[in-house]
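Work through the exercises below with the structure open beside you. Each task is followed by a solution in steps.

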Amino acid sequence: MDKVERLSKISDDCIDESSADLHQLSLKIWNKPELSYQEEFAHKLLTETLKEKGFDVTPQFTLPTAFRAVYDPDNNGAGKGLTVGIICEYDALPGIGHACGHNLIAEAGVAAGLGIQAALKGSPSLGLGRVIVYGTPAEEGGGGKIKMINNGCFNEVDFIMMAHPNPYDAAFPTYIACCSVSVVYKGHEAHASGGPWGGVNALDAAVTAYNGISMMRQHMKPSWRAHCIIAEGGTAFNIIPARSRLQCGVRAPTMPELKVLKEKTHAIFEAAAQATGCEVEIAWTKLPYKNLITNSVLADIYQRNAAELGVPYLPLHEQAAKHGGSTDMGNVSQFKPAIHPRYYVADKITHTPEFQVEAEFSESVKNEGGELGD
């Protein structure tokens, strides 16, 4: 057995021995879903777990529900060997809990941290480096990792990794750039029957903008996306609405393409205000999600190791063609070498109640029941 195989076995054995505890960690987070920047239970559970396992933990690491947990056998910082970064996510979605499986991402992150820690312990003379597990809140629209980048949190790592549960396996997934916007139209109230001519209908402005975006879709590239909801539309049907609000998101494969789509969408919002006589306030997020750039060296290693365990993979071009959503891990990947592979959990689409049910069980538990192979 060569050196790499020996260290791999040490790591695998550690994770296998911890599998029951890891599943309980995931289950506890799944049973108590918390929204962006409110992940107090998950934050406490993860930091206490890693501290018990011998990590040096910094809770509230530049954000109230972020953390940094480092295992450095030589206690010399980044002075010797590589610094490996591992990401945990643990925020949930409103209404449908962990329908994106962030409880499983937390489990996988802790498992990877423990596995690397065991390999470092098993090779003290090699000076391999250190591992840092980061808790990153608010992936679901809150841009937690972007704030952490701005706070200097990932400067210390040489590369960084996380894995996401999914309906299929992909070491080279596509995550596209995304930017959200809040649009408020302001008009003037009037009695909808007794004197509607005295009002300025803010709901008409929102509907005009919504329809304008729908009409724009025929001229959008197939890889572009735009989705909107009318979050406010008035207070009563017999009052001309004086205020309405749209929440929208636009996506494109790259940041330059996203800029073009933003400009087109912005013009629609302004045109709707002009057409209806309303005032408009357009507030684009200052934390856009960038497209993911997968490090091919890391992803090749990941896929090769997973394939040895029997994980099926499509050809790379077919993996990349399966467009998904967007993630602030894209911003991390444009800052440090990174991977964000997807791994199969169930034939259900994420962000649905059906996937939320499947996310209750870790793959290790399903394996014990015979539902999935290695």
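**Exercise 1.** In which helix do K259 and E263 lie, and how many residues apart are they?

Solution. This is a predicted model. Step 1: locate both residues; K259 and E263 lie in helix 7. Step 2: compare their positions; they are 4 residues apart, about one turn of the helix. Step 3: look at the side chains, which meet in a salt bridge with N to O at 2.8 Å. Step 4: classify the accessibility. K259 has 51% and counts as exposed, because exposed means over 50%. E263, with a relative accessible area of 45%, is partly exposed.

**Exercise 2.** Find the residue that forms a salt bridge with R68, and state where each partner lies.

Solution. Step 1: the partner is E156, with the closest N and O atoms 2.9 Å apart. Step 2: E156 is in the loop between helix 5 (144-150) and strand 5 (159-161), while R68 is in strand 2; the two are 88 residues apart, so the pair links distant parts of the chain. Step 3: R68 is buried at 14% relative accessible area, whereas E156 is partly exposed at 24%. Step 4: extend the search; R68, R130 and E156 are linked in a network of salt bridges.

**Exercise 3.** Explain what the salt bridge between K221 and E257 ties together.

Solution. Step 1: the two side chains meet at 3.5 Å, N to O. Step 2: K221 lies in the loop between helix 6 (202-216) and strand 8 (225-232), and E257 in helix 7 (residues 255-276), so the pair ties together parts that are 36 residues apart in sequence. Step 3: K221 is partly exposed at 44% relative accessibility, and E257 is buried at 19%.

**Exercise 4.** Describe the open sheet, its edges and the helix that lies across part of it.

Solution. Step 1: write down the strand order, 1-2-4-3-5-11, for 6 strands with mixed pairing. Step 2: strand 1 (56-59) and strand 11 (338-339) stand at the edges; each has a single partner strand, so one side of each is left without a neighbour in the sheet. Step 3: take one pair, strand 3 (residues 82-88) and strand 4 (residues 129-135), which is parallel over 7 bridges. Within strand 4, V131 is the bridge partner of V84. Step 4: add helix 3 (residues 40-52), which lies across strand 1, strand 2 (67-71) and strand 4, at about 15° to strand 2.

Definitions and conventions:
Residues numbered from 1 in each chain as written. Predicted model: local features only at pLDDT ≥ 70, side-chain atom pairs only at ≥ 80, totals over all residues. Heavy atoms only, no water. Pairing = 2+ DSSP bridges. Contact = heavy atoms within 4.5 Å. Axes fitted to C-alpha atoms, helices over the stretch in contact; angles between N-to-C directions. Salt bridge = Lys/Arg side-chain N within 4 Å of Asp/Glu carboxyl O. Buried < 20%, exposed > 50% of the residue type's maximum accessible area, 1.4 Å probe, protein only.
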